[in-house]
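Here is a short walk through one chain, from its surface to its interior. Keep the sequence and the 3D view side by side.

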Amino acid sequence: MTAYLVPTLAGLLTGAGLIIAIGPQNVFVLRQGVARRHTGQIVAVCALSDVVLIVAGVAGLGALVAAHPEVVTFAKAAGGLYVGALGVMAARRCVRSDEAIAAADESGAESTGRWVAVGTALALTWLNPHVYLDTVITMGAIANGHGNGKWAFAFGACIASVVWFTALGGGARRLSGFFASPQAWKMLDAVVAVIMLGMAIALFASI
């Protein structure tokens, strides 16, 4: 039992370090949580996707991805386009009038459909090349360095992902009262726009 404790803790800390970094996926979970729109489904999709990717990386998918760099190149191009589009949409929301924001909130006109929200969460996860570089290749290599404890490492990393996304979604929901102000929504969308557009530029520059 003790022999598996070290790799489990190593996986927990490594997973936390790679997952907690602010990126498009985390920003999307945050915004949907604040808006109280399909938070549970989005958290489940993000956490489950990470679990699948972590397990795949430990099982050896990382070596396959490393042998076919065109997979990462495709993810960079597709992810750059998608993240860029989300950034432009967020930037457009920043310039709306306070009245337009309040009216949209009251009428529910901006409510994102469940399947659209889930699809966006999937795209931000699976079209993010950092998922393959960090979660699959890097984490897979570190896990296999623990020998027989590699699955304990994977378990720790999976726990980190589930805990993080649950805390992020739940914590964001508690901030919904603060975002009753249109100005607060503009500030949040400005942050979303900067992160999304910055990520899109970085992805295209790295192709």
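**Surface, fold and cores**

The chain exposes about 10,200 Å², and carbon and sulfur atoms supply 71% of that area. Of its 207 residues, 43% count as buried.

This is a predicted model, and confidence varies along the chain. The average pLDDT is 83, and 90% of the residues score at least 70. Confidence is lowest in helix α5, residues 98-107, where the mean is 54. Helix α8 has the highest, at 92.

The chain holds nine helices and zero strands. Its contacts reach far along the sequence. Among those between residues at least 6 apart, 88% join residues at least 24 apart.

Now look inside. In soluble globular proteins, nonpolar side chains tend to be buried together. The largest nonpolar core here has 31 residues. Within this core, Val29, Ile42, Phe165 and Met196 touch the most other members. Six elements are listed as giving two or more residues to the core: α2 (24-35), α3 (39-67), α4 (70-94), α6 (114-126), α8 (150-173) and α9 (182-205). The largest share, nine residues, comes from α9.

Which residues does Phe165 touch, not counting those up to four places away in sequence? They are Ile19, Gln25, Asn26, Val29, Val43, Cys46, Ala47 and Asp50. Val29 is thus named twice: as a contact of Phe165, and beside Phe165 among the core members that touch the most others.

A second core lies separate from this one. It has eight residues, including Ala143, Phe153, Ala154 and Cys158.

Conventions. Residues numbered from 1 in each chain as written. Predicted model: local features only at pLDDT ≥ 70, side-chain atom pairs only at ≥ 80, totals over all residues. Heavy atoms only, no water. Core = buried A, V, L, I, M, F, W, Y, C linked by side-chain atoms within 4.5 Å. Buried < 20%, exposed > 50% of the residue type's maximum accessible area, 1.4 Å probe, protein only. Helix = DSSP H or I, 4+ residues; strand = E, 2+ residues; numbered from the N terminus. Contact = heavy atoms within 4.5 Å. pLDDT = per-residue confidence, 0-100. Areas by Shrake-Rupley, 256 points an atom, 1.4 Å probe, with all protein chains shown as cover.
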